[in-house]
Each structure stands twice: as structure tokens, then as C-alpha cells.
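The following exercises practise reading a protein model step by step. Please attempt each task before turning to its solution.

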Amino acid sequence: MSTRQRYDCAESMIGAGFGGTVLGALARSVFVDGLRWLWIAEDPSTRRPSLLGDLLAERSRICATLRKTDSTCGNLSRWLMPLPNIADLTGESKTWLDAPPIPDEPALLDHYLTQPVSETTSGNRARELLDLAGLRGAVSVLQHAGHGNFLGLQSTMTADGVPGHDLRPDHEALFMHVAAAGIAATLLGTAAAVPELWPPDVDRPWFLDEALRLAAVVAAAARPLHGLSTSKPFIGLPKPPPSPTVTGIVEPGAVLQADDLLPDVNTTTAVAAAAEEFFALARSFEVDLWRNGPPTLHMALTFTGAHSHLQAVMSTYDQPGSAVIAAFASRMLLEEAARHAWRHQDGDGAAFVSRATQYFDEYRHMEKKTIALLSSNGVPIKVAKALFALPDIVRMPPVPPSAKKGRQKLPSITSMLGDFGKPFAEPGWLTVAYSLLSQITHATPIGLMHNIRWAGETWQANDMSPEMLGLTLDVACLSSVELIGTSAVVLTGGDRSAMAYRDALLRSAMRVHRAGQLVHGLD
């Protein structure tokens with residue numbers, strides 16, 4: 001249900017004119033879901049409990065993040081268990097404390113690509129859909145988009161479109177190809193892993209065959225655009241399937257008691273009203289990107305991309321079934337805002353130049369690594385480089401010597417989020433917020449539970465919890481102050497009106513935050 005919703009959301013972004021890279025993030029999420037369920041389907045009786053292992057691991061991780069960042073959350077039980085006490089999901093019985101989590105994404109992809117061919121496996125039926133050269137590299141392209149970074153935003157650079165808003169045809173085709181294959185793989189995997197849930201009035205063989213046929217149509221249409229043709233058969237010995245194990249110590253609080261649960265009584269009305277005011281203010285200031293000569297690509301993409309992602313949040317948060325788009329876009333805004341704040345954290349000119357070099361060296365390295373990954377797995381080097389080629393309107397400067405001699409890695413996102421949160425009473429709350437939003441983007445069991453509501457005696461599917469929605473709006477507005485406000489100041493050469501605009505954005509975002517605190521319980 002959730003995978004189908006995310007595919008629908010990805011498809012709805014085609015031609016929207018905003019939030020282009022969110023499509024890539026959604027596609028990656030659907031693809032990983034497919035790998036996850038194909039892995040479970042290989043041995044359902046043994047591997048289905050890993051879903052509970054994932055739930056426990058994510059709860060423990062959230063509790064650990066709160067502890068390590070010295071942050072508090074008064075309604076933590078709502079975050080860990082937003083549903084009524086059903087199916088022993090609190091963990092109170094402690095019967096699944098030893099359930100191992102599902103392998104992570106790299107391990108699942110490695111297993112999928114190297115498992116032996118078997119006509120009886122669900123994975124083999126999905127193999128033709130994902131039979132494209134350089135799948136590992138292709139997934140990296142989706143990963144860049146999913147993190148909302150400088151390299152990912154380059155997916156929006158078209159010859160005649162709006163930077164930060166549209167999508168290049170080759171990237172859009174690749175994203176939808178992988179998404180279609182991902183949802184087909186999820187369907188095959190769930191049908192094999194939990195056959196008892198298949199509707200008795202639907203002919204399963206026919207439905208699966210028809211789904212695969214339609215997904216193959218998407219793949220056939222996409223291949224000529226992205227250029228990743230079918231791959232050569234795998235040569236070499238397959239690696240054994242990953243064997244996840246329970247690692248670390250379960251954090252106190254990760255296992256709940258029925259008495260710990262809080263009712264679903266929150267409302268986002270006040271947060272949404274404040275966020276709408278912020279959105280109107282954000283769009284009220286016009287910036288001429290060419291006022292001071294041709295803008296740098298990074299600054300132009302930062303400014304336009306932030307507007308695009310903010311619009312994706314505000315255009316979808318209150319639409320039935322589409323709030324998941326808002327959560328994806330909000331997390332992308334937060335991640336890039338933390339990087340942007342790190343680059344502009346003080347007025348030291350030498351330090352700024354050093355951090356800029358470090359920043360761009362990182363993305364040159366990522367681009368080079370992805371091209372190498374594509375070309376080493378059967379993609380012609382010309383095709384691999386074409387996926388990163390920019391339109392003729394962009395003039396890139398020569399690569400500085402620093403990028404050739406070595407590079408200094410960027411600080412971790414945890415470190416940058418900690419710095420970004422320093423003005424707040426609990427500086428680590430943004431790190432916790434990032435972890436909570438990641439539950440949606442990675443479709444963890446906790447994320448899935450936050451996308452279902454219990455209303456009296458009925459379930460409301462694809463309806464986001466008020467806690468997650470309140471956090472989504474709060475984080476999106478706060479992050480936009482840094483990305484839109486600071487960029488406006490830079491692009492206008494420090495114009496006083498731009499500085500006043502940034503200050504007004506900050507005041508407006510803090511009104512959103514004060515309303516949001518009452519809903520999500522952080523800071």
C-alpha cells in the first residue's frame with residue numbers, strides 16, 4: 001500500500017514544474033522497498049520477523065539520537081508508536097527482542113545483483129525490469145537526487161527549463177524506470193511473502209503478469225532516454241545472501257508498555273496556518289539572478305531549488321495521500337540547509353574559501369566515482385558522462401588543482417546539523433528531526449505507521465500523523481530561511497532589502513516553530 005502510494009506520488013510529480021528531484025527520492029525509496037521484499041520472499045518464514053527487528057532497531061536508534069544530542073521529546077511514545085496497541089507492536093511481550101533487522105540498502109543491492117538465477121524466485125521475474133547496465137551507478141544518481149545536494153540539483157538543469165524546478169528527460173526516465181521496477185518487485189515479493197493477504201476475488205497469476213507487463217512498458221520507454229541498455233550476464237561466483245544479526249544494546253524506551261501510549265489528539269491547524277504565512281512571505285521577494293552578472297551555478301540552484309522544494313511541501317501537505325511528498329522535500333531542505341549554513345557560518349573569508357573548496361571537491365569526487373561505477377559495469381564512458389553533462393548555457397570553471405591532488409571530506413551530516421541547531425535551546429533537536437523524517441523517506445516500519453491513522457473504528461490509509469506533518473512543516477520553513485534568505489542576500493550583493501527579507505523570514509519561521517513544538521514535541 002505504501003509503495004503504491006509513493007509510486008503514485010512520484011508519477012504525479014511529472015510535469016508539476018516544481019520539486020523535480022523529489023521524484024528521484026521517491027523512486028529510490030520504492031526501489032529499496034522492492035529489494036527488501038524480494039529478500040524476504042526468498043525465505044518468508046525466517047525473514048518476516050526481520051520487519052519487527054527493523055522496528056526495534058529504528059526505535060532504539062531514535063532513543064540513542066535523543067540521548068547523544070542531549071535532546072528531549074515529551075511525546076516520544078507517539079513517535080515510537082503512533083497506532084493503538086495492536087499486534088504486539090509495542091514490544092511489551094519482548095518475544096521479538098532477538099529479531100534481526102533487514103539488511104541495509106548496499107547489502108540488499110549486492111545480494112540482488114549476485115544471487116544465482118532461479119526460475120522459481122520472485123527476484124528473477126523482476127530481473128528483466130532492472131536489467132540495465134550499471135545498476136549500482138544508476139542507484140547512485142537517484143541517491144544524489146534524494147539528498148537534495150548540489151549534484152542532485154543538477155538533475156534539474158535543462159536547456160529551456162527553470163533551474164531547480166524541472167527535470168532533465170534522461171534523469172526523469174531513469175527515475176521512473178527504477179520506480180516502476182521497484183513497485184513490481186514489491187508486488188512480487190509481498191505476494192510470495194504474505195500470500196494469505198492476497199484478495200481472494202483477484203486472479204493472482206493474471207494480476208502479477210499484467211503488472212510486470214506494464215512495468216516493462218515503462219522500462220522499454222525509458223531505456224532510449226537514459227541510455228542504460230541491458231547488461232551482460234553476471235560473471236563470477238554469487239555472494240552468499242546477507243545474514244543480518246542483532247547488534248548493539250537496545251536503548252531504554254525502545255520497548256514500550258501499553259500504558260505509555262498517548263492518544264491521537266494532536267492537530268496541525270496552527271502550524272499549517274503559520275506555514276502558509278511563511279510561504280506567502282517567501283514568494284514576496286523578487287531576486288534578479290543576473291543583477292550582478294552571471295550567477296554561480298551553485299548559488300542559483302540553491303536559491304531556486306529551495307523555492308522548488310518549499311513549494312513541493314506547501315502544495316502537497318494537505319492533499320489526500322500526498323503528504324509523503326512534503327516529508328521527502330522537507331528532509332531534503334534540512335540536509336542542504338545544514339550544508340549551506342556550514343559553508344556560511346562566519347565572516348572569515350579564508351575559512352569560507354577553504355570550506356568552498358572542500359564542498360565542491362566532494363561533489364566532483366561523487367560525480368567521478370559514479371561515472372566510474374557506471375563505466376566499470378558495462379556502460380560506455382560516453383553514456384556515463386552524458387548523465388552528468390550540463391546544458392550549453394552553463395560554463396563550468398576549470399577544475400582546481402586541489403580536486404586532483406586529494407580532498408578533505410565534508411563533515412558528517414550529524415555534525416553539520418548540530419552546528420545548524422546551535423541557536424536553539426536544544427541544539428541537537430534538528431539531528432533528531434532528521435532521524436524522524438528519515439523514517440518516512442526510508443519507509444521504515446515506524447515511517448509506515450506514521451502514514452496510517454486510526455479514526456474510531458476505521459483505518460485511514462496514507463494519512464500522515466499530526467506529529468510527522470507538524471515536524472515536516474516546521475523543518476521546511478526553518479531550512480528555507482537559510483537556503484532562500486541567505487541566498488537572496490548573496491545574490492543581491494548584500495542589498496538591505498534582501499537582509500530585511502531574510503530577517504522577516506526568520507521571524508515567520510519561528511512562529512511556525514513555536515506552533516510546531518506543541519505538536520512534534522522537540523526543542
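A residue counts as buried when its relative accessible area is under 20%, as exposed when that area is over 50%, and as partly exposed in between. The model examined here is a predicted one.

**Exercise 1. Burial and backbone angle of Asp523**

Task: Determine whether Asp523 is buried or exposed, and locate Asp523 in the chain.

Solution:
- Step 1. Asp523 lies in the segment after helix H22 (496-520).
- Step 2. The relative accessible area of Asp523 is 19%, so this residue is buried. The cut-off that decides the matter is 20%.
- Step 3. The backbone deserves attention as well: Asp523 is not a glycine, yet its phi is positive, about 55°.
- Step 4. Asn462 is another residue other than glycine with a positive phi, near 55°. Asn462 is placed in the loop between S2 and H21.

**Exercise 2. A helix and what follows**

Task: State how far helix H4 reaches from its first C-alpha to its last, and set this beside the expected value.

Solution:
- Step 1. Helix H4 covers residues 50-68 and has 19 residues.
- Step 2. The expected span is 1.5 Å times one less than the number of residues, and for H4 this expectation is 27 Å.
- Step 3. H4 reaches 26 Å, which is close to the expected 27 Å.
- Step 4. After H4 comes Asp70, with a positive phi near 55°.

**Exercise 3. Salt bridges within one helix and across the chain**

Task: Describe the salt bridge between Glu58 and Arg61, then the one between Glu467 and Arg78.

Solution:
- Step 1. In the whole structure, 18 salt bridges are found.
- Step 2. The closest N and O atoms of Glu58 and Arg61 are 2.6 Å apart, and a salt bridge requires such atoms to lie within 4 Å.
- Step 3. Both residues belong to helix H4, three residues apart, which is about one turn of the helix.
- Step 4. Glu58 has 14% relative accessibility and therefore counts as buried. Arg61 has 44% and therefore counts as partly exposed.
- Step 5. Glu467 and Arg78 form a salt bridge with an N to O distance of 3.0 Å. This pair joins distant parts of the chain, since Glu467 is in helix H21 (residues 466-491) and Arg78 is in helix H5 (residues 76-80), 389 residues apart.
- Step 6. Glu467 and Arg78 are both buried. They also take part in a network of salt bridges that links Arg78, Asp264, Arg453 and Glu467.

**Exercise 4. A salt bridge with an exposed partner**

Task: Assign Lys422 and Asp419 to the classes buried, partly exposed or exposed.

Solution:
- Step 1. Lys422 and Asp419 form a salt bridge, with their closest N and O atoms 3.4 Å apart.
- Step 2. The relative accessible area of Lys422 is 58%, so Lys422 is exposed.
- Step 3. For Asp419 the value is 31%, so Asp419 is partly exposed.

**Exercise 5. A hairpin of two strands**

Task: Identify the sense in which strands S1 and S2 pair, and describe the turn between them.

Solution:
- Step 1. S1 spans residues 452-455 and S2 spans residues 458-461.
- Step 2. The two strands pair in the antiparallel sense over four bridges. Ala455 stands opposite Thr458 in S2.
- Step 3. S1 and S2 form a hairpin with two residues between them. Gly456, in the turn, has a positive phi of about 70°.

**Exercise 6. Packing in the interior**

Task: Name the residues with the most contacts inside the largest nonpolar core, and list contacts of Gly470.

Solution:
- Step 1. The largest nonpolar core has 149 residues, and Phe278, Leu471 and Leu522 have the most contacts inside it.
- Step 2. Leu522 touches, among others, Leu66, Cys73, Trp429 and Leu471.
- Step 3. Gly470 is in helix H21 and has a relative accessible area of 0%, so Gly470 is buried.
- Step 4. Not counting residues up to four places away in sequence, Gly470 touches Thr268, Val271, Val519 and His520.

**Exercise 7. Cysteines**

Task: State how many disulfides the structure holds.

Solution:
- Step 1. The structure holds zero disulfides.
- Step 2. For Cys73, the nearest cysteine sulfur is that of Cys63, 9.6 Å away. A disulfide would need the two sulfur atoms within 2.5 Å.
- Step 3. Cys73 has a relative accessible area of 14%, so Cys73 is buried.

How values were computed: Residues are numbered from 1 along each chain as its sequence is written. This is a predicted model: local features need pLDDT of at least 70, side-chain atom pairs count only at pLDDT 80 or more; totals for chains, interfaces and linings use all residues. Side-chain values use heavy atoms; hydrogens and water are left out. Two strands pair if DSSP finds at least two bridges between them. A salt bridge is a side-chain nitrogen of Lys or Arg within 4 Å of a carboxyl oxygen of Asp or Glu. Buried means under 20% relative accessible area, exposed over 50%, partly exposed in between (1.4 Å probe, protein chains only). Contact means heavy atoms within 4.5 Å. A nonpolar core is a set of buried Ala, Val, Leu, Ile, Met, Phe, Trp, Tyr and Cys residues joined through side-chain atoms within 4.5 Å.
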